[in-house]
Every structure is written in C-alpha cells, then in structure tokens.
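Trainee: Before I use any labels for this model, I would like to go through the reasons behind them.
Mentor: Then let us look at the model together and take the labels one at a time.

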Amino acid sequence: MPSGKPAGMRCIQLDNENRCMLFGKPERPAFCGSLQPSIAMCGDESLENPREYAIAWLTQLEAATKPA
Ligand code: SF4
C-alpha cells in the first residue's frame, strides 16, 4: 500500500491470523512502528475481550482521522 492504508480497509499485510507480515522488516511503514501500545488503546487486564476493545478503539481512531 504505497500511499498508505485507507481508513476502514484491512491492511493487505495482515496474514490469516491477523499478524503483520512486515513486522521486524525494514519495509514496514515507519508509522506502524511508531504506534506504541497504551492502556487507552489496548485496555487493561480487567477486560474479558481485549482484542475486541482494541479493534473498536482503532476503528474510532481511523474514523476520526479519515481524510474528508
Ligand atoms: S502494522 Fe502496518 S503494515 Fe503491518 S499489518 Fe498493521 S497497518 Fe499493515
């Protein structure tokens, strides 16, 4: 995705188990590497489904930063 991943679109670099196929490789976008986990994004250990929480948070972030 040379122009970046459009908001709301699944990244083509995700494998079938939702792992980044570029993780640890130099071609992984710098932005991806700069995104650091936080409690705001990932929730805390009290959550029953932290993945669902994180996906909802990221979906909101994508909607809020989507170009007009
Ligand atoms: S970390 Fe970046 S390149 Fe990897 S799957 Fe996520 S959006 Fe795609």
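What follows is a conversation about how the terms apply to this structure.

Mentor: This is a predicted model, in which local features need pLDDT of at least 70 and side-chain atom pairs count only at pLDDT 80 or more, while totals for chains, interfaces and linings use all residues. Residues are numbered from 1 along each chain as its sequence is written, and side-chain values use heavy atoms, with hydrogens and water left out.

Trainee: Which elements does the protein have, and what makes a run of residues a helix?
Mentor: The protein has three helices and zero strands, and from the N terminus on the order is α-α-α. Helices are DSSP runs of H or I with at least four residues, strands are runs of E with at least two, and both are numbered from the N terminus.

Trainee: Why is the contact between Lys5 and Glu62 called a salt bridge?
Mentor: The term requires a side-chain nitrogen of Lys or Arg within 4 Å of a carboxyl oxygen of Asp or Glu; the closest N and O atoms of Lys5 and Glu62 are 2.4 Å apart, so the pair qualifies. Lys5 lies in the segment before helix 1 and Glu62 in helix 3, so the salt bridge ties together parts that are 57 residues apart in sequence.

Trainee: What makes Asp15, Glu17 and Arg19 a network?
Mentor: Asp15 forms a salt bridge with Arg19, with 3.2 Å between the closest N and O atoms, and Glu17 meets Arg19 in a salt bridge at 3.1 Å, N to O. Arg19 takes part in both pairs, and the three residues are linked through these salt bridges. The whole structure holds three salt bridges.

Trainee: Why is Asp15 called buried, and Glu17 exposed?
Mentor: Buried means under 20% relative accessible area, exposed means over 50%, and partly exposed lies in between, with a 1.4 Å probe and protein chains only. Asp15 has 18% and is therefore buried, whereas Glu17 has 57% and is therefore exposed. Lys5 at 32% is partly exposed, as is Glu62 at 25%. Buried residues make up 7% of the 68 residues in the protein.

Trainee: How do you know that the ligand sits in the largest pocket?
Mentor: The ligand does sit there, and the term demands that more than half of a molecule's atoms lie within 2 Å of the grid points. A pocket is found on a 1 Å grid over the protein atoms alone, as an open set with protein on both sides within 12 Å along at least five of seven lines, and its lining residues have an atom within 4 Å of a point. The largest pocket holds about 1500 Å³ of space. Among its 33 lining residues, the closest to the centre are Lys5, Cys11, Cys32, Leu35 and Leu58, and helix 3 gives the largest share of the lining, eight residues.

Trainee: Which residues are around the ligand, and how are they classed?
Mentor: They are Cys11, Gln13, Leu14, Cys20, Arg28, Pro29 and Cys32, where being near the molecule takes a heavy atom within 4 Å of it. This shell divides into five nonpolar, one polar and one charged residue. Ala, Val, Leu, Ile, Met, Phe, Trp, Tyr, Cys and Pro count as nonpolar, Asp, Glu, Lys and Arg as charged, and the others, Gly among them, as polar.

Conventions: 1 Å grid on protein atoms, 1.4 Å probe; cavity = no way out; pocket = protein on both sides within 12 Å on 5 of 7 lines; lining within 4 Å. Points joined across faces, edges and corners; volume = space filled by probe spheres on them.
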